[in-house]
Amino acid sequence: MINAVDRFLATQTQGLPGRVTTRIGALDPRTQLSPCPTVEAFLPNGARLWGRSTVGVRCNAPAGWTVFVPVTVSVAGNYLVAARPLAPNQPLQAADVALASGDLAALPAGVITDVNQLAGKSLRNSIAAGQPIRGDQLIAPLVVRQGQPVKLISQGAGFSASADGTALSNAAEGQMAQVRTGNGQTVSGIAREGGIVELSY
């Protein structure tokens, strides 16, 4: 059974960012299992092979059984931390961050591992020096700002039209923006670089 869990872990953790090590915990010593010709390892619903987790093992014989084996998945790799105290809304530069090494599975979810993920982004809130930088702390630059004149582009099957409007909300690339048209109507569309809002019909 341990071999099945070991093989399952080796297959399922391929492609994780870093050097993966796994540890299989012991079952409760009171667990009594009948011998089984074929066992199958699986990931229980909601479980994730990251940090402390569980792998299920089922016996496919007619009088089968299922047990859950505790496992620990460690992922040694590099991640980005603040090189100094960082203020919110300030565009991040390479000098603002430093590389740290450790167990990624023991860090908060969404920790940034690639400096390219910071391109053009700024921080939602301040971060102390040495703190890991997470994806949910980053905000993309605004491409449409409230009160700014924008170009509305409408596209549909076989037609394309454009009109001028005024942005009623801020939006980053790909976010929804509200716009007031010249005739006072309010419409929503997807914000694009250069003060463009795309409407689709």
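Let's start at the very beginning of the chain, with Met1, which counts as partly exposed because its relative accessibility is 31%, a value that falls between the under 20% of buried residues and the over 50% of exposed ones. Keep in mind that you are looking at a predicted model. Met1 sits in the segment before helix H1 (2–12). On the surface, Met1 joins Ile2, Leu33 and Val39 in a nonpolar patch, and together these residues have about 280 Å² of accessible area.

Now follow the chain into helix H1. Which residues of H1 are buried? They are Ala4, Val5, Phe8 and Leu9. Viewed down the axis of H1, these buried residues fall within an arc of 130 degrees, so they line one face of the helix. The spacing helps here: an α-helix has 3.6 residues a turn, so residues three or four places apart point the same way. Asn3 and Arg7, on the other side of H1, are exposed. What do the buried residues of H1 pack against? Their partners are strands S1 (19–24), S2 (39–42), S3 (51–59) and S4 (66–82).

Step back to see the whole protein. Its secondary structure comes to one helix and 14 strands. The C-alpha trace spans about 75 × 50 × 25 Å along its principal axes. The protein has a radius of gyration of 25 Å, whereas a compact globule of 201 residues would have one near 17 Å. Of the 201 residues, 32% count as buried. The accessible surface comes to about 11,800 Å², and 50% of it belongs to carbon and sulfur atoms.

Definitions and conventions:
Residues are numbered from 1 along each chain as its sequence is written. This is a predicted model: local features need pLDDT of at least 70, side-chain atom pairs count only at pLDDT 80 or more; totals for chains, interfaces and linings use all residues. Side-chain values use heavy atoms; hydrogens and water are left out. Patches are made of residues with over 30% relative accessible area and no salt bridge: like charges are joined within 9 Å, nonpolar side chains (Val, Leu, Ile, Met, Phe, Trp, Tyr) within 5 Å. Accessible areas come from the Shrake-Rupley method with a 1.4 Å probe; for residues, only the protein chains shown count as cover. A salt bridge is a side-chain nitrogen of Lys or Arg within 4 Å of a carboxyl oxygen of Asp or Glu. Helices (H or I, at least four residues) and strands (E, at least two) are DSSP runs, numbered from the N terminus. Buried means under 20% relative accessible area, exposed over 50%, partly exposed in between (1.4 Å probe, protein chains only). The radius of gyration is taken over C-alpha atoms; the globule rule is 2.2 Å times the number of residues to the power 0.38. The arc is that of the directions from the helix axis to the C-beta atoms. Contact means heavy atoms within 4.5 Å.
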